[in-house]
Amino acid sequence: DILSPHILGSHYLHAPFTLLGDHVLWSSRAFVWLQLGAIAWMWSGIMGREPSAQLRPVHRLLLSVVGVIFTVHLFPIMAWTSTDAILATVIGAWLIDGRNHRSLSGYLVLGMAPLFRQNFSLVVPGVILLLGDWRKLRNWLLAAIPSALYVLAVALSGGAQDLWDQLTAFTLRETLRFGFSNYLSSVAMWVGVLIATLAALWADHKAHRMVRRRWLGAGILIAVPAVWGVVMGMRGWSYIYGPSFLLFGMGLGGVGGQLLRTRSLSPQIRHGFTALLIAWAVSMSLGYNTPALGLGLVVMYLLDIARSASLGEASGHPTPAWARGGPRSLVSLALALSTAVAAVTFVYARRTFVYRDLPARGLTAALGEVLPGGAGIRTNPRTYDFLRDLQEAKHLVRNLGREYAILPDVAVNWATDPQPNPLPVNWPLDSELPLPELKARVTQELESQRGDIVVLVQKYEASLLPGGLYPLTDGIYWIVEHVESRWRRVGETGFFELYE
């Protein structure tokens, strides 16, 4: 019985890592890197499956590296619903697109994507229409089975109304804002549409009389990883907003330019539409309302346009000496150089702009000493002191023979803590509990255990600890205000106050 705006597929997928002792977080993050690599490698396999567009091994490797870099960008490596949903979608698409005996299992795997993020229920039919055999009712039924079984299991356990309340808590207005208004109002997106439309038109391999223009268009697209890498290395977190919508717009422009030229839905255009659909779905988020997590697939599609266009033959028309003799080598070299620039700046940016922490050189404290399951990871000294103080506060409560709740942050504690969380939610914020009735569930559960638990309330903002000690912001932590106004303070430590 847990309150969550997310469907619980990711909870079950990552639960086994909590059994791995001291290295829970390290092993969980390693698995996420494996997921990201699988997403990029399988997507490159989908793009190179057509006989006329087969990828050379070196091109597939380079595209996959770019895919990982763009998908990860500066996002923290952790178990995440969007990553799980993208992986299920790409595995499903890879199986379906093979058009063999494994295709049926692909529809089942694709149908699992909404179990990680419910708005991927909009992606599933799109993938079937674009890549699958949509004419067969059997395929639609297979894709619907995972969600149907999940809803049935919840209903049989008496949670149907709870499921409805939690998964429909965000209104149509929020959906329209994150899914449409953010895009239509983005100047960067429209600039990207214009740039990539022209580049795709110029790069099209059928434009035989315009060899120089074809190479210019391909060059613009191949340069995307290098230019983006420089931007990320210089600007850090600003990447996730304007530049991410710019790249999404370039994906739209790539599709639009190809459609204008071919007037048909080629396999490559279908891949572009699928990538854009996935990136759009992950952008419908309160905490990360940007297509950034899906951009790896979009940029791989743009590079595939450049690759296929650059290798097109200009038969029947004179070809300049600089474009004659080794287009494959030129494409490989240009793509390798662009990828190398992106990779170098990626490593620099990941070590410099660490999510809610200091640059890598400032991470001098061993997390595993103060957080069970955190072995192998380092953090800054102030966060280390905060978590050490939490362990001391928990020890004080246990000596009283009580259980403890922790407010409002430190959700990671409950991944390995031997004591279950006495509250039905690990992160009781408005983004997790948008409805009054959901907040009431939490306060009722809290009050029902009064006398049996001690509530540990942070004194400072956990997210700002690397930069200093900042008191909790007034007016945004309703659960903290409830405890402070109705419970009695019985003690404190350096970072926490104790209430009963």
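At 46% relative accessibility, Arg489 counts as partly exposed; buried denotes a relative accessible area under 20%, exposed over 50%, and partly exposed the range in between, computed with a 1.4 Å probe and protein chains only. The side chain of Arg489 meets that of Glu497 in a salt bridge, with 2.9 Å from N to O, where a salt bridge is a side-chain nitrogen of Lys or Arg within 4 Å of a carboxyl oxygen of Asp or Glu. Glu497, in contrast, has a relative accessible area of 15% and is therefore buried.

The structure is a predicted model, in which local features need pLDDT of at least 70 and side-chain atom pairs count only at pLDDT 80 or more, whereas totals for chains, interfaces and linings use all residues. Residues are numbered from 1 along each chain as its sequence is written, and side-chain values use heavy atoms, with hydrogens and water left out.

## Overall architecture

The protein contains 19 helices and six strands. These elements are DSSP runs numbered from the N terminus, helices being H or I over at least four residues and strands E over at least two. The radius of gyration, taken over C-alpha atoms, is 25 Å, which agrees with the value near 23 Å anticipated for a compact globule of 500 residues; the globule rule is 2.2 Å times the number of residues to the power 0.38. Along the principal axes, the C-alpha trace spans about 90 × 55 × 40 Å.

Of the 500 residues, 52% count as buried. The exposed surface amounts to about 22700 Å², of which carbon and sulfur atoms supply 63%; these areas come from the Shrake-Rupley method with a 1.4 Å probe, and for residues only the protein chains shown count as cover. Among contacts between residues at least 6 apart in sequence, 69% join residues at least 24 apart, a contact meaning heavy atoms within 4.5 Å.

The charged side chains comprise 41 positive and 33 negative ones, and the centres of the two sets lie 18 Å apart. Lys and Arg count as positive and Asp and Glu as negative, while His and the chain ends are not counted. The place of each charge is taken as NZ of Lys, CZ of Arg, CG of Asp or CD of Glu.

## Salt bridges

The structure holds 11 salt bridges. In one of them, the side chains of Arg441 and Asp162 meet at 3.2 Å, N to O. Arg441 belongs to helix α18 and Asp162 to helix α8 (residues 160-167), so this pair ties together parts that are 279 residues apart in sequence.

A salt bridge within a single helix is formed by Asp385 and Arg388, whose closest N and O atoms are 3.1 Å apart. Both residues lie in helix α17 (residues 381-399), three residues apart, about one turn of the helix. An α-helix has 3.6 residues a turn, so residues three or four places apart point the same way. In addition, Arg402, Arg488 and Glu500 are linked in a network of salt bridges.

## Helix α19 and its surroundings

Helix α19 (residues 478-486) has buried residues at Trp478, Ile479, Val480, His482 and Val483. The buried residues of α19 pack against strands β3 (403-407), β4 (453-458) and β6 (496-499) and against helix α18 (436-448). A cis peptide bond, with omega about -5°, joins Leu407 and Pro408. Pro408 is located in the loop between β3 and α18.

## Loop residues

Leu122 occupies the loop between α5 (103-112) and α6 (123-131). Beyond residues up to four places away in sequence, Leu122 touches Leu277, Trp280 and Met284. The C-alpha atoms of Leu122 and Ala281 are 7.7 Å apart, although the two residues are separated by 159 residues in sequence.

Two arginines in loops have positive phi. Arg263, between α13 (242-262) and α14 (267-283), has phi near 60°. Arg356, between α16 (327-352) and β1 (365-366), has phi of about 50°.

The table gives the accessibility of residues described above.

| Residue | Relative accessible area | Class |
|---|---|---|
| Leu122 | 44% | partly exposed |
| Arg263 | 69% | exposed |
| Arg356 | 49% | partly exposed |
| Arg441 | 25% | partly exposed |
| Asp162 | 28% | partly exposed |
| Asp385 | 29% | partly exposed |
| Arg388 | 40% | partly exposed |
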